[in-house]
Amino acid sequence: MRTPWWIRIPVLFFLIFGLMEYFIDSGDKPAIIEYPITQFFMLMVLMILIAIELILKSIENVMFQTLSAEAQERYLTSKSKKMEWKWAKQLYKRLTKSRSIEREGEIILDHNYDGIRELDNVLPPWWVYLFYVTIIFSVVYLIRFHIAGDYTQAEEYEQEVAAAQMAIEEYKRTAKDLVDVNTVEFLSDASDLSAGEKIFVANCVVCHMADGGGGIGPNLTDEYWILGGGIKNVFNTISEGGRDGKGMVAWKQSLKPAEMAQVASYVLTLGGTTPAEPKAPEGEIWVDPDAPEPEESEEAPAEQVSDSTDVAMN
Ligand code: HEC
């Protein structure tokens, strides 16, 4: 039995469409949008499919004309046979056990309310089986949780909370890269600071020295900043680089935002330390505009660090 054309054409069409999308590498967007030529291609495919159908139809017609009258008859009856879903129909019958309308008279009940009468149908087997399943389920459940005491709801809750907690941690670890100059905060975790130190040692010591005392780059331990102190300015300097021609490149090319936040935090912890060969101060004393209480203290170099940590913890 052949499938009708209105199934054949769409199926073939979408099959070719799917294959095309599968084989053409078009990034995030579907190929049909990324490469407009494919729209034309699919239109051609559709027209060719229709053309094939028309050709088949006319061949069938021509052949039909050549048949004898009796053969034509046979051909038509075989064609009008519908595809039968025998097994599906049987299964349906077995699961519903419904009585055909013609045989309803056998199960009609006696009583009659104003002409409304009732059929004594059996419970449909699909429903009965489902009911048996619930009985088995309840017995297993009863034994497992009320007699054997497998685990309690409270334990289940704890487990799920723990799993969710882990998922949140995981998300935060990856989402750290979402930080930018507006959201960055001083990272006081030892793990972040030691990661920051590693990045500093690997990338920055050539110009700033291991102790931050300065060389080609300025001293990072004093409270004088050329480009501004505090976590946001430092992050910004690391990310975008210093003034043109000074030698401080924009590290956003090679460091991830999370790494820049770590190394920026590490740089801030250098503030107030005493390097072996401190470079003379450059720039201006930087006062945190967001500091909780602007103490007019010029003699405490540690001020710088505590300022930004305070902000971060507020
Ligand atoms: C090639 C040498 C060089 C390297 C490598 C380098 N810097 Fe710099 N850095 C400089 C120079 C030069 C300046 C001054 C920029 C200016 O004057 O605009 C500077 C400025 C800075 C400042 C601002 C200082 C201020 O006073 O405002 C920070 C913060 C800084 N660097 C951090 C880093 C970090 C973190 C790294 C490593 C990821 C790094 N630098 C790597 C040369 C370098």
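A crossing of two helices is right-handed if the near helix is turned clockwise from the far one by less than a right angle, and left-handed if the turn is anticlockwise. Keep that in mind for the views below, which all come from a predicted model.

**View 1. Helices α10 and α11 cross in a right-handed way.** Here the axes of α10 and α11 come within 9 Å of each other and cross at roughly 125 degrees. Angles over 145 degrees count as roughly antiparallel and those from 65 to 115 as roughly perpendicular, so α10 and α11 are called oblique to each other. Look for I231, V234, F235, I238 and S239 on the α10 side, where they meet M260, A261, V263, A264, S265, V267 and L268 of α11. Sorted by class, this contact has 10 nonpolar residues, two polar ones and no charged ones.

**View 2. A look along α10 and just past its end.** Which residues of α10 are buried? They are G230, I231, K232, V234, F235, T237 and I238. A residue earns that label if 20 or more other C-beta atoms lie within 10 Å of its own. After α10 comes G241, and its phi is positive, near 90 degrees.

**View 3. P289 sits in a loop.** You'll find P289 between β4 (284–285) and α12 (303–313). Is P289 buried or exposed? P289 is exposed, because just 9 other C-beta atoms lie within 10 Å, and the cut-off for exposed is 12 or fewer. Along the chain, P289 and G230 are 59 residues apart, yet their C-alpha atoms are separated by 9.6 Å.

**View 4. Helices α1 and α3 pack together.** This view shows α1 (residues 5–23) against α3 (residues 37–66), with the axes 10 Å apart and an angle of about 150 degrees between them. That angle makes α1 roughly antiparallel to α3. The crossing of α1 past α3 is right-handed. From α1, the contact uses W5, I9, L12, F13, I16, F17 and M20; from α3, it uses T38, M42, V45, L46, L49, I50 and E53. By class, that gives 12 nonpolar residues, one polar and one charged.

Why does spacing matter when you read such lists? An α-helix has 3.6 residues a turn, so residues three or four places apart point the same way.

**View 5. The ligand and its shell of 25 residues.** The closest residues to the ligand are C204, C207, G217, G242 and M248. Two or more shell residues come from each of α8 (190–203), α9 (205–208), α10 (230–240) and α11 (257–270). The shell's classes are 16 nonpolar, seven polar and two charged residues.

Notes
Residues numbered from 1 in each chain as written. Predicted model: local features only at pLDDT ≥ 70, side-chain atom pairs only at ≥ 80, totals over all residues. Near = placed C-beta within 6 Å. Helix = DSSP H or I, 4+ residues; strand = E, 2+ residues; numbered from the N terminus. Nonpolar A, V, L, I, M, F, W, Y, C, P; charged D, E, K, R; others polar. Axes fitted to C-alpha atoms, helices over the stretch in contact; angles between N-to-C directions. Parallel < 35°, antiparallel > 145°, perpendicular 65-115°, else oblique. Contact = placed C-beta atoms within 7 Å.
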